[in-house]
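Got the viewer open? Let's take a walk through this one together, one selection at a time.

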There are 2 protein chains.
Amino acid sequence: MVDTNTAVRAPEASNPHEACKAAVDTLARISDKWTVTALGALSEGPIRYSEIRHRIEGISQRMLTLTLKGLEQDGLVTRTMYPTIPPRVDYELTELGRSLFVPLHALYEWSRENRPAMLAARETFRRRGQHGSPRTRLTVTK
Amino acid sequence: MVDTNTAVRAPEASNPHEACKAAVDTLARISDKWTVTALGALSEGPIRYSEIRHRIEGISQRMLTLTLKGLEQDGLVTRTMYPTIPPRVDYELTELGRSLFVPLHALYEWSRENRPAMLAARETFRRRGQHGSPRTRLTVTK
DNA sequence: CGGCATCCGTATAGATACTG
DNA sequence: CAGTATCTATACGGATGCCG
């Protein structure tokens with residue numbers, strides 16, 4: 001993995017295949033149960049561990065620690081330890097971390113606009129039970 | 001669309017908390033192993049089951065079926081059965097499904113630009129082992 | 001306070017075999 | 001061809017307890 005990926009060159013829409021793989025790859029890293037929520041908690045500036053934990057309802061220490069470590073590892077947040085007693089640790093988004101809010105915001109916008117439709121579709125689907133006559137085309141064109 | 005969500009009004013950044021929850025919610029629906037890849041396979045127009053399966057390397061029938069059923073349920077794709085022999089089923093993106101490509105593309109763009117940095121950060125992290133002296137601030141300001 | 005280790009339940013998804 | 005059904009492996013995440 002010594003890079004060498006400067007040669008790929010995705011000119012326009014490229015083939016959706018490659019774009020898809022890249023998106024999937026990023027998704028795989030941020031789509032665990034807490035990562036995005038943690039990013040949200042960090043979005044307002046430096047914040048200490050206990051405060052994050054307080055903001056994210058329902059998260060366990062284990063999951064918060066793991067999530068933060070993952071973010072730190074990927075260069076999305078910085079971790080600053082103050083060796084005081086009692087100890088104190090601050091977390092802060094890096095520039096890279098903040099940049100993630102762009103696609104995240106797009107996702108949020110989509111949710112706001114289209115999720116109701118999605119849930120409605122799901123309701124409809126559930127009610128007709130998909131077994132009745134979902135979309136059987138009898139007029140075989142070819 | 002019974003909506004009633006016209007009342008929320010996210011003026012500017014709103015509070016990141018709510019935006020975060022919405023984004024997380026959408027993420028939860030598209031971030032299984034195959035959904036986005038399937039959307040990618042569907043992106044070029046109507047396509048039949050076997051062709052999708054052919055395009056998505058490594059997917060099992062079970063997973064493809066489950067993924068497509070999920071997409072259909074959420075109103076992101078339509079399923080059209082041709083009761084011929086042998087049977088044939090076409091899948092096609094709905095308008096809702098296509099609209100998802102907007103945030104997905106944002107994600108793709110982010111990946112293209114920042115993923116190398118992320119992987120590099122990960123490499124660095126792995127090499128210094130995060131135990132040496134990652135970021136201990138001795139100058140306690142307050 | 002912040003974090004790690006251990007144990008354990010559950011959800012997700014792969015392999016395989018069978019059906020209309 | 002386009003699924004369904006069953007079994008199994010494993011990754012994710014929660015609860016608890018200990019440590020610097």
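Start with DNA strand C, and keep in mind that what you're looking at is a predicted model. Select the protein residues around DNA strand C and you should get 19 of them, with A:Tyr49, A:Ser50, A:Arg79, B:Lys33 and B:Trp34 the closest. Which parts of the strand do they meet? Of the atoms of DNA strand C that come within 4 Å of the protein, 74% belong to sugar and phosphate.

Now zoom in on some single contacts. Click on A:Tyr91: an N or O atom in its side chain sits 3.0 Å from a phosphate oxygen of DNA strand C. Next, pick A:Pro87, where a polar backbone atom is 3.5 Å from a sugar or linking oxygen of DNA strand C. Then hop over to B:Arg62, which has a polar side-chain atom 3.1 Å from a base nitrogen of DNA strand C.

Want to color by element here? In chain A, highlight helix H3 (49-55), helix H4 (61-73) and strand S3 (88-93), then add H4 of chain B; these are the elements that give two or more residues to the surface near DNA strand C. Sort the residues of that surface by type and you'll find eight nonpolar, three polar and eight charged.

Time to leave the DNA and look at where the two protein chains meet. Select the contacts between them: 59 residues of chain B touch 60 residues of chain A. Together the two chains bury about 5,800 Å², and 67% of that is on carbon and sulfur atoms. On the chain B side, show B:Leu107, B:Tyr108 and B:Trp110, which lose the most area to chain A and together make up 11% of what that side buries.

Next stop, the polar links. How many salt bridges cross the interface of chain B and chain A? The rule finds four. For a salt bridge to zoom in on, select A:Arg115 and B:Asp25, whose side chains meet at 2.8 Å, N to O. Counting polar contacts between chain B and chain A gives 12 residue pairs.

Last, color chain B by element. Several elements each supply at least two residues to the side that touches chain A, among them helix H1 (16-30), helix H2 (35-42) and strand S2 (77-82). Which element gives the most to that side? Select H6(B), with 16 residues. By type, the residues on the side of chain B that touches chain A split into 30 nonpolar, 17 polar and 12 charged.

How values were computed:
Residues numbered from 1 in each chain as written. Chains lettered and ligands numbered in written order. Predicted model: local features only at pLDDT ≥ 70, side-chain atom pairs only at ≥ 80, totals over all residues. Heavy atoms only, no water. Contact = heavy atoms within 4.5 Å. Buried area = accessible area lost by both parts, 1.4 Å probe. Polar contact = N/O pair within 3.5 Å; in protein donor to acceptor, adjacent residues only side chain to side chain. Helix = DSSP H or I, 4+ residues; strand = E, 2+ residues; numbered from the N terminus. Nonpolar A, V, L, I, M, F, W, Y, C, P; charged D, E, K, R; others polar. Near = heavy atom within 4 Å.
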